[in-house]
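Subject: Structure handover

Dear colleague,

I am passing the structure below on to you, and underneath it I have written out what I found when I went through it. Please read the notes with the structure open beside them.

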Amino acid sequence: MFLESDVKLGFSDVLIRPKRSNLKSRSQVDLQRHFKFLHSKHEWTGVPVIAANMDTTGTFEVADRLAAHGMLTAVHKHYSIAEWDAYLANHDDDIYPRIMVSTGSSEADFEKVSAILGKHPKLEFICIDVANGYAESFVEFVAKMREAFAEKTIVAGNVVTGEMVEELLLSGADIVKVGIGPGSVCTTRVKAGVGYPQLSAVIECADAAHGLGGRIISDGGCTCPGDVAKAFGGGADFVMLGGMFAGHDECGGQLLERGGRQFKLFYGMSSTTAMDKHAGGVASYRASEGKTVEVPYRGPIDETVRDILGGVRSACTYVGASALKELTKRTTFIRVQEQENRIFG
């Protein structure tokens, strides 16, 4: 047993300290980033916010709306090959830099993603997603994917420590997904007692990744636009959102009505709901590590997108960053014991 006694921080533990700025308006802030990826050598330009690869948020309908804003969607892995064919048949080449093909790490997953990419070679991103990115078998799978798809940009995760970020990058990942337990419908921290406060994970993993020329995604833990700004301020190259994008017209999940109000189901992909739907139930050797909630129905996703991006622009103006790429260099975090005045809830 070993105890690390230094404090690790989540988004709610800090605020961004304001600094003098010569920006006159939020409209002056450029939210686009340009990246050239480590192994694939692809170049990508866009707004680096990603819809999570959950079957309630990583839908084709969400992808269409986020693409219109220059953003990305990690399309969930449960669409069939025929559904991929039908979707891409109705789109031009502009959609390819805006979607990721998600996959697990089994042999069946490898065969399926190979079939999708074989039929649609213009797809650029593969998102290899598992709950525990520390398994040696996962590292081997990332290397296998790199060997098979040398020109694709590979996202791999999830991990929360610098040494594992380095190992995944050296094994073939271009981008590492960071986050264990911070998601709004994830229960890993209470079921397994495992996790890492998200802001500290982002800061430490970004440092490790950038030293090798890799990139990271902050995945989970954001509850408001200010948290998205903090993730970018901490060094994240991309921010992935699940709960903040849930409950919209374009999302999956059953629409319910309770007491005259409408809700949509939102659940973690390790929840009983997801495993009943996609795996025939929770296996006898494991526990459910996700929960199912009813999110208030929020209509079209575009207004939420504008709210999130507006918040990030505002953060940039408060610290004098004229572009998103400058935000981390302009960010000083201060420890706090309160985030907001909640007298009115």
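Strand β6, which covers residues 99-103, is mostly covered, since five of its five residues are buried. Before going further, please keep in mind that this is a predicted model. In a regular strand the side chains alternate between the two faces of the sheet. You can follow this in β6, where Ile-99, Val-101 and Thr-103 point one way while Met-100 and Ser-102 point the other way, and all of them are buried. β6 runs parallel to strand β5 (residues 72-75), to which it is joined by three bridges, and in this pairing Ala-74 has Met-100 as its bridge partner.

The barrel

Where does β6 belong in the wider picture? It is part of a barrel into which eight strands close, in the order β4-β5-β6-β7-β8-β9-β10-β11, with parallel pairing. From one strand to the next, the twist averages 25°. Another pair that you can inspect in this barrel is strand β7 (residues 125-129) with strand β8 (residues 153-159), which pair in the parallel sense over five bridges. In that pair, Asp-129 stands opposite Gly-157 of β8.

The nonpolar cores

In soluble globular proteins, nonpolar side chains tend to be buried together. In this model, the largest nonpolar core has 78 residues, and those with the most contacts inside it are Trp-84, Ile-99, Leu-123, Met-145, Val-228, Leu-241 and Phe-245. Helix α7 (residues 198-212) gives the most to this core, with seven residues. Apart from this core lies another one, of 20 residues, which includes Ile-50, Ala-52, Met-100 and Val-295. It is worth comparing this with β6, from which Ile-99 and Met-100 point in opposite ways: Ile-99 is listed in the core of 78 residues, whereas Met-100 is listed in the core of 20 residues.

Which residues does Leu-123 touch, if those up to four places away in sequence are not counted? They are Trp-84, Leu-88, Tyr-96, Ile-99, Val-101, Ile-116, Leu-117 and Lys-152.

Two helices

Helix α7 lies across β9 and β10 (215-219), and it runs at about 170° to β10. At 1.5 Å a residue, its 15 residues should span 21 Å, and this agrees with the end C-alpha atoms, which are 21 Å apart. The buried residues of α7 are Gln-198, Leu-199, Ser-200, Ala-201, Val-202, Cys-205, Ala-206, Ala-208 and Ala-209. After α7 comes Gly-213, whose phi is positive, near 90°.

Helix α8 (residues 225-233) is largely enclosed by the rest of the structure, because eight of its nine residues are buried. Those buried residues are Pro-225, Asp-227, Val-228, Ala-229, Lys-230, Ala-231, Phe-232 and Gly-233, and you will notice that Val-228 is also among the residues with the most contacts inside the core of 78 residues. Like α7, which is followed by Gly-213 with a positive phi, α8 is followed by a glycine, Gly-235, whose phi is positive, near 115°.

The annotated glycines

UniProt, in an unreviewed entry, lists Gly-181 and Gly-183 under "binding site". Gly-181 lies in the loop between β9 (175-178) and α6 (188-191), and Gly-183 also lies in the loop between β9 and α6. Are these two glycines buried or partly exposed? Gly-181 has a relative accessible area of 12%, under the 20% limit, and therefore counts as buried, whereas Gly-183, with 25%, is partly exposed. Leaving aside residues up to four places away in sequence, Gly-181 touches Cys-186, Thr-188 and Arg-189, while Gly-183 is in contact with Gly-220 and Gly-221.

A buried residue and an exposed one

Phe-266 has its place in strand β13 (residues 261-267) and is buried, with a relative accessible area of 2%. Its contacts, not counting residues up to four places away in sequence, include Met-54, Ser-184, Val-185, Ala-246, Lys-291 and Val-295.

Lys-329, by contrast, is found in helix α11 (residues 327-330) and counts as exposed, at 71% relative accessibility. Its C-alpha atom is separated by 16 Å from that of Ala-209, although the two residues are 120 residues apart along the chain.

With best wishes

Definitions and conventions. Residues numbered from 1 in each chain as written. Predicted model: local features only at pLDDT ≥ 70, side-chain atom pairs only at ≥ 80, totals over all residues. Heavy atoms only, no water. Core = buried A, V, L, I, M, F, W, Y, C linked by side-chain atoms within 4.5 Å. Buried < 20%, exposed > 50% of the residue type's maximum accessible area, 1.4 Å probe, protein only. Helix = DSSP H or I, 4+ residues; strand = E, 2+ residues; numbered from the N terminus. Contact = heavy atoms within 4.5 Å. UniProt positions renumbered as here; feature names shortened; annotations may be inferred. Expected span 1.5 Å × (residues − 1). Pairing = 2+ DSSP bridges. Axes fitted to C-alpha atoms, helices over the stretch in contact; angles between N-to-C directions.
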